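Work through the following exercises with the sequence and the structure side by side. Try each task before reading its solution.

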Amino acid sequence: MNAAVRIDPETGLRLFNTRAAKASEKIAGKGYSVVTDQKLTELPKPPAGATFNAEEQAKYRAFKEVRRGAADYMAMEGDFRKYLDDVYSEPPIPREALDDECEILVVGAGFGGLLLWQKLNEAGFTDVRFCEKGGDVGGTWYWNRYPGIACDVESYSYLPLLDETGYIPSMKFASGFEILEHCQRMAQKFGFYDHCLFHTTVEATTWDEASGRWIVETDRGDKMRARFVILANGILTTPKLARIAGMEKFKGESFHTSRWNYDIDLSGKRVGIIGTGATAVQAIPELAKVVGELYVFQRTPSSIEVRAQRETTTEEREIWSKEPGWAAARRGRFARISEVRAAVLANDDYLSGKSPDFKERKIYDRKLTPEEFMQKQLDSSFRLMEQVRARVDAIVKNPKTAAALKPYYPYGCKRPTFHDEYLPTFNLPHVHLVDVAPRGVSEINERGVVHEGVEYPLDVLIYATGFQWMGTSSFNLIRGRSGRTLTEKWETEGTRTFLGLHTRGFPNLFIVTGPQGGGGSFNFTDVIYAHADYLIWMMQTMRERGAAVVDVRKEPEDKYAEHCRDADIATAPLRDCISYYNGEGKATPGSLAYYGGRAWDRFRMEAQSSLEPYVFEGDPN
Ligand code: NAP
C-alpha cells in the first residue's frame with residue numbers, strides 16, 4: 001500500500017494516495033428502465049394551429065405571478081450541517097498537511113477535473129494537483145446517487161473520453177452509477193488518482209503579487225502555492241434546503257437527495273419528498289417501487305417528456321469498436337444541434353452520421369424580423385407544452401391530480417425532464433400528490449409535513465430542493481489583486497468575466513463552466529471540452545511567450561459582460577417563469593448562465609488570434 005503522500009523518484013513531484021473506500025455496498029442503483037408500452041413512450045400529437053395568444057399568455061403570467069417570491073432557500077448550516085456529510089465514502093485517509101508548490105492547482109475532480117488532467121497531461125503539463133471535497137472522483141455523479149439517477153443528454157455524447165478509454169455506455173441514457181464508474185475508469189486509465197487530494201476542501205485562495213502565486217489553503221491544513229488555479233467545481237455544487245417553519249422539529253429520518261442515505265431501509269415506510277425538479281422526477285418512480293406510502297409535495301410541476309430509453313445495440317457496439325474517434329464525431333454532431341428540444345431527442349440517424357441534419361428546415365420566403373422569429377419560437381414552445389400537458393391527461397387517471405401535474409410556462413424555462421414511468425406512478429394507490437401550489441410547504445412538525453391544516457405523518461422526509469446555481473464566486477474565498485474577493489467584485493460591478501473563463505484582477509485564475517461560460521451547447525460536456533481546450537491553448541501560449549502571468553483588460557471584459565446581458569435580455573421571453581436559472585426571477589440579466597449561443601466561439605476565436613484582450617506579464621523563471 002502506498003503512503004498517502006510520496007515523492008515520485010523520477011520527477012520529484014509529490015504523488016498521492018488519498019482515494020477513500022466506498023462506504024457501503026448498499027449504495028447501488030439503476031437509472032431509466034426500458035419501457036415498451038407505446039402509450040408511455042410517445043407524446044400526443046401537437047394541436048393543429050395552436051398559438052401562444054393573449055389568453056394563453058395571461059394564463060402563463062398568472063401561473064408565474066402567484067409563485068413570485070415563494071422560493072425561500074437556506075444553506076445547510078447549524079443544525080442542518082449534518083446534511084452535508086459525505087455518506088458515500090469511508091472517513092478521509094489521514095495525511096500530512098502540505099506546504100509546497102505546484103504549477104497548476106485544479107479545484108474539483110468531476111468531469112471538468114478529469115478531462116483537464118487528460119488534456120494537460122497529454123500537452124506535457126504534469127505538475128498538476130487536484131483538490132476534491134469528496135472521497136472519490138465524479139463530482140455531480142459522486143454526490144448524486146439517488147435511486148433512478150441517469151443522464152438526460154444521450155450518454156454517447158455526454159460521457160467524456162469514450163474514444164480514449166474504449167468504453168461504450170450500456171444505455172442511451174446511462175445511469176448515474178454507470179457514469180460514476182466511468183469517472184473512476186478515466187481516473188485509473190490516466191493516472192489521475194496520483195494527483196488528487198480527496199476529502200480536501202479549499203477554503204481560501206489568495207493571490208500573492210510578490211511571488212506571482214496563488215496561495216491555496218484547505219480544511220486539511222494545507223498551504224500550497226500554485227502558479228495557476230483552475231476552478232472546475234461545477235455549476236450545481238452546493239445543495240440547498242427550502243426554509244420551512246419547524247423543520248428542525250421533525251423526529252423521523254431526513255436527508256437531501258445529494259446525500260442519499262442507503263442505511264435507511266425505506267421499504268414499507270411512509271416517505272415524503274419535497275420538490276419535483278429533475279431529481280425528484282427520476283427518484284419518485286423508484287421510491288414508489290419500495291415504500292409503503294409516498295407523499296409528493298409539489299409546488300410547481302415539471303414538464304415531463306418522453307424518455308424512450310434503450311439499450312446500446314449490438315450493431316452500434318460493433319461499429320463503434322472498429323471506428324476510432326466515433327464518440328468525438330458524435331459529440332461534434334450533437335454540438336451542432338442548437339435547439340434544446342432537438343438536443344434532448346438526440347436523433348440517432350443524425351448523430352450516427354446517417355442523415356445530414358437533425359430536422360427538416362423550414363424555408364421562409366423572406367427573412368423574419370427578430371419579433372416574428374421570437375413569436376415563432378414561442379408558438380412552437382407553446383405547442384410542445386400542449387403536448388406535454390396532453391400527455392398528463394392521457395396517462396394520469398385522477399383528473400384533480402392530472403390538473404395539478406400540468407406545467408404552464410415556456411418549454412425549457414425550467415429544466416425539462418424526461419420519464420416514462422413518472423406519470424403512471426401517480427395512478428398507484430399508495431402514491432399521493434400533495435399539491436402545495438403556489439407557495440410550497442410552509443410547516444413541518446415532529447411527525448411530518450402540515451399543509452392547509454392537514455398533517456401528513458412521515459417516517460422519512462427527503463428534500464429534493466436542489467442546489468445553488470452558478471455559485472462560483474462564493475467558493476474557496478478567492479481574493480485577487482488589490483485584496484478584493486471575487487464575490488465583492490461581482491456584487492459591486494455585476495458578474496464580469498471574459499468568456500466566463502477569466503475575470504480581471506484575478507490573474508492566472510481560470511473558471512471552467514461558471515457564469516457566462518456558455519459555449520452554446522446543450523451538452524455541458526461539450527462546454528467542458530471547449531474550456532479545457534482553451535486552457536491548454538492559454539498555457540501553451542504563455543509558455544511560448546515566456547509569460548508568467550495573464551490577466552484580461554477592462555474593455556474586452558466589459559464588452560463581453562454587455563454581450564451576455566444583451567443576449568439574456570433578447571432571449572428572456574423564452575424563459576419567462578420563475579426558475580433557479582434566473583435566480584428565482586431576481587438575477588441581473590447576463591449574470592448566470594450564458595444565452596449567447598455560438599457568439600462565445602466568435603469572441604474566443606477573435607481573442608486567440610489577436611491576443612488583444614490579454615495582459616501578459618513577466619518571465620516564469
Ligand atoms: P430543482 O430543480 O432546483 O428543484 C427543487 C424543487 O424544490 C423544485 O421543484 C421547487 O419548486 C421545490 N421546492 C423548493 N421549496 C419548496 C417548498 N417550500 N415546497 C415545495 N417545493 C419546494 O432541484 P433538482 O431537482 O435537484 O435539480 C437540480 C438540477 O440538477 C436540475 O435542474 C438539473 O440541471 C440537474 N439534474 C440533472 C439530472 C440529469 O441530468 N438527469 C438529474 C437531476 C438533476 P419550484 O419549482 O416551485 O421552485
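**Exercise 1. Determine how strand S8 and strand S9 are paired, and then find the other partners of S9.**

Step 1. Strand S8 (residues 213-218) pairs with S9 in the antiparallel sense over 4 bridges, where strands are DSSP runs of E with at least two residues, numbered from the N terminus, and two strands pair if DSSP finds at least two bridges between them. This is a predicted model, in which local features need pLDDT of at least 70 and side-chain atom pairs count only at pLDDT 80 or more, while totals for chains, interfaces and linings use all residues. Residues are numbered from 1 along each chain as its sequence is written, and side-chain values use heavy atoms, with hydrogens and water left out.

Step 2. Within this pair, Glu 217 stands opposite Lys 223 in S9, and the two strands form a hairpin with 4 residues between them, in whose turn Gly 221 has a positive phi of about 85 degrees.

Step 3. Strand S4 (residues 101-107) pairs with S9 in the parallel sense over 6 bridges, and Val 107 stands opposite Leu 231 in S9.

Step 4. Strand S22 (residues 509-511) also runs parallel to S9, joined to it by 3 bridges, and here Phe 510 is the bridge partner of Ile 230.

Step 5. S9 itself (residues 223-231) is mostly covered, since 7 of its 9 residues are buried, a word that means under 20% relative accessible area, against over 50% for exposed and in between for partly exposed (1.4 Å probe, protein chains only).

**Exercise 2. Follow the chain through S17, S18 and S19, and describe the hairpins.**

Step 1. Strand S17 (residues 443-444) and strand S18 (residues 448-451) run antiparallel and are joined by 2 bridges, with Glu 443 opposite Val 450. Between these strands lie 3 residues, and together they form a hairpin.

Step 2. S18 then pairs in the antiparallel sense with strand S19 (residues 454-457) over 4 bridges, and Gly 448 stands opposite Pro 457. This hairpin has 2 residues between its strands, and Glu 452 takes a positive phi near 45 degrees.

**Exercise 3. Find which cysteines are joined in a disulfide, and explain why Cys 131 has no bond to Cys 196.**

Step 1. A search of the whole structure finds 1 disulfide, that is, a pair of cysteine sulfur atoms within 2.5 Å. The cysteines joined are Cys 413 and Cys 577, with an S to S distance of 2.1 Å.

Step 2. The pair links distant parts of the chain, 164 residues apart: Cys 413 is in the loop between helix H13 (399-404) and strand S15 (417-418), and Cys 577 is in the loop between helix H17 (554-571) and helix H18 (599-610). Helices are DSSP runs of H or I with at least four residues.

Step 3. The torsion about the S-S bond is about -115 degrees, so the disulfide is left-handed. Cys 413 is buried, with a relative accessible area of 1%, and Cys 577 is buried at 5%.

Step 4. The sulfur of Cys 131 lies 7.4 Å from the closest cysteine sulfur, that of Cys 196, and because this is too far for a bond, they are not joined. Cys 131 counts as buried at 1% relative accessibility, and Cys 196 is buried at 0%.
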